[in-house]
Amino acid sequence: MSTVPAPIDATSTPAWAALRKHYDEMTAAGVDLKGWFAADPDRVKKLSFDMGEFHIDLSKNLVTDETMKLLVELAREMKIEERRDAMYSGVHINTSEDRAVLHTALRRPASDAGTVFDGDQDCVADVREMLDRMYAFAEKVRSGEWKGVTGKKIEHVISIGIGGSDLGPVMVYEALKPYSDAGIDCRYISNIDPNDMAEKVRGLDPETTLVIVVSKTFTTLETLTNGREVRTWLLDALEAAGAIDGSEASRAEAVKKHFVAVSTALDLVADFGIDPENAFGFWNWVGGRYSVDSAVGLSLIIALGPERFECFLKGFHDVDMYFQNTPLEENVVALMGLINVWYVNFFGAESHTVLPYNQYMHRFPAYLQQLTMESNGKGVRWDGSPLTTASGEIFWGEPGTNGQHAFYQLIHQGTRLIPSDLIAFVNTPNPNKDGDQDVHELFLGNFLAQTKALAFGKTADEVRAEGTPEELVTARIFTGNRPTTSIFGIDLTPHALGALIALYEHITFVEGTVWGIDSFDQWGVELGKQLAKQITPAFHDDEALAAQDASTKALIEFYRAHRK
Ligand code: F6P
């Protein structure tokens, strides 16, 4: 049973009232980043933080010393530290599912065995045992000791999953491509749209392909359908090539050599026909969107190797420890979450962009969308009562500089306040020159230019001084005071990426705690799944069609009229 205290209503705290008054005074006086920088030579120093290999600059946010002080007071009044400690120690803070929330146990070192329990389960000991099994398996695949049914080395991995069983692995695989050193190419199938599978298996040799079916529940329609389809593709192609004779025994043997599974439901894995010996487990105290560092990352261990995966885990763990051990006033993880609350609940911001200045991180915004929005997109608190505030930022973004030529216009001059996180790295694995110009520096110049333009803008007088005709002046004014956080790393290594993911996990936690949300369930995805089961027969069945609402019925009739 859960021993979680009832959520505190943030709006009833003294800090909230003080923040409201402070907001009114700040906006009455005029938000003025330029003025605040001029008035306080220590602003950057006070609002910059070093977290491991990251230098994080909060100074271009719409905050003053007073704001930061009040946000920290709010954090204390909301008991963020207590809830963090409850999470780390295995209290069932996921109340609607009565589960512990222990993704932090996934990255603890082996020496922490015996320190974190869920009931009788020694979580860290079990994590390390599973990691050892995965490392041994991955080494076999990487070295070529693990062979396909015709004795060939594995050259391609297809990982099938969706949501948390896909977004993390894809994002990390893409982000850490320079570290994939085993000559094994990974592809990820998630969508039940047959186009996804068709494109991903194109050109693959089934004799050298290993398939990983990843599903926490092993009940997900998309994943099981894709898993069956890929199994049919693989077995049929092997048979057509004469690699297997097509007998039941030969097909079972091929599945054994070419299919492995990752799940918390190992009984269902066996039902699917995958040998339980080739299954890797995790536990219900790991949420799907918090699982990339569990067995869900098996494809990554194969691509990167166990040593680099350990560095990845260490990156998470270092931030976990930083978040736990750093006083709130200096704790940039907590402060970033609190500043987001400031924008959502006081400035009325609805969305938040994440803009990686690193092409390898092109799936990071999509990854964060599930992490942040599936976690905090809720209308009730963890005791079932309605929320008392707005919640749940809409996360979106694209890598810079591409986004600059697409939607930054709205961030610079639109009518909405959109706080933005810009992420960049000092070094690139692909240094290049265009004549004398270092191209990475040109790229980084763009990163810095955007934060500067957003913060300080361009006044009418500056526009006029450029000789702009009077009638065009207003269109060329940049108001400035558009908040950004700069996250500057040294190199995009496995360690750095683990740290970044953990940073956003805990930012999400801080926001969820202020809002009183159970950030670890996802009931909002269930209704659509149920209805899809009811609706699908209506494509062919008149009785099922008649049972639909008028709009759904009309859409299905359109489908029936035009299908080929
Ligand atoms: O539909 C949402 C969801 O439940 C996510 O929370 C989860 O990451 C995804 O589906 C996949 O679930 P599973 O890993 O159980 O297949």
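Buried means under 20% relative accessible area, exposed means over 50%, and partly exposed lies in between. The model discussed here is predicted.

Q: Why is Ala-125 called partly exposed?
A: Ala-125 has a relative accessibility of 29%. The cut-offs are 20% and 50%, and partly exposed covers the range in between. So Ala-125 counts as partly exposed. Ala-125 belongs to helix 6, residues 123–143.

Q: How far is Ala-125 from Val-354, in sequence and in space?
A: They are 229 residues apart in sequence. From C-alpha to C-alpha, the distance is 35 Å.

Q: Why is Leu-176 called buried?
A: Its relative accessible area is 0%. Buried requires a value under 20%. Leu-176 is therefore buried. Leu-176 lies in the loop between helix 7 (167–175) and strand 6 (185–189).

Q: What separates Leu-176 from Tyr-290?
A: Along the chain, 114 residues. Between their C-alpha atoms, 18 Å.

Q: What makes strand 12 mostly covered?
A: Strand 12 spans residues 420–425, and six of its six residues are buried. Take one side: Ser-420, Leu-422 and Ala-424 are all buried. On the other side, Asp-421, Ile-423 and Phe-425 are buried too. Both faces of the strand are covered.

Q: How do you know that strand 10 and strand 12 pair?
A: Pairing needs at least two bridges. Five bridges join strand 10 (residues 351–357) to strand 12. These strands pair, then, and they run parallel. In one of the bridges, Leu-355 is partnered by Leu-422 of strand 12.

Q: What makes strand 12 and strand 15 a pair?
A: The requirement is at least two bridges. Strand 12 and strand 15 (residues 484–489) have six, in the parallel sense. Phe-425 has Gly-489 of strand 15 as its bridge partner.

Q: Which residues come nearest to the ligand?
A: Gly-164, Ser-165, Ser-215, Thr-217 and Thr-220, out of 14 residues around the ligand.

Q: What makes the approach of Lys-529 to the ligand a polar contact?
A: A polar contact is a pair of N or O atoms within 3.5 Å. An N or O atom in the Lys-529 side chain is 3.4 Å from an oxygen atom of the ligand. That pair qualifies. Ser-165 also qualifies, with a polar side-chain atom 2.6 Å from a ligand oxygen. Lys-216 uses its backbone: an N or O atom there lies 2.7 Å from an oxygen of the ligand. On its own, the ligand has 400 Å² of accessible area, and the protein covers 88% of that.

Q: Where does the ligand sit?
A: In the largest pocket.

Terms used. Residues are numbered from 1 along each chain as its sequence is written. This is a predicted model: local features need pLDDT of at least 70, side-chain atom pairs count only at pLDDT 80 or more; totals for chains, interfaces and linings use all residues. Side-chain values use heavy atoms; hydrogens and water are left out. Buried means under 20% relative accessible area, exposed over 50%, partly exposed in between (1.4 Å probe, protein chains only). Helices (H or I, at least four residues) and strands (E, at least two) are DSSP runs, numbered from the N terminus. A residue is near a molecule or strand if one of its heavy atoms lies within 4 Å of it. A polar contact is a pair of N or O atoms within 3.5 Å; within protein, one must be able to donate a hydrogen and the other to accept it, and residues adjacent in sequence count only if both atoms are side-chain atoms. Accessible areas come from the Shrake-Rupley method with a 1.4 Å probe; for residues, only the protein chains shown count as cover. On a 1 Å grid over the protein atoms alone, a cavity is a set of points where a 1.4 Å probe fits but cannot get out, and a pocket is an open set with protein on both sides within 12 Å along at least five of seven lines; lining residues have an atom within 4 Å of a point. A molecule sits in a cavity or pocket if more than half of its atoms lie within 2 Å of its grid points.
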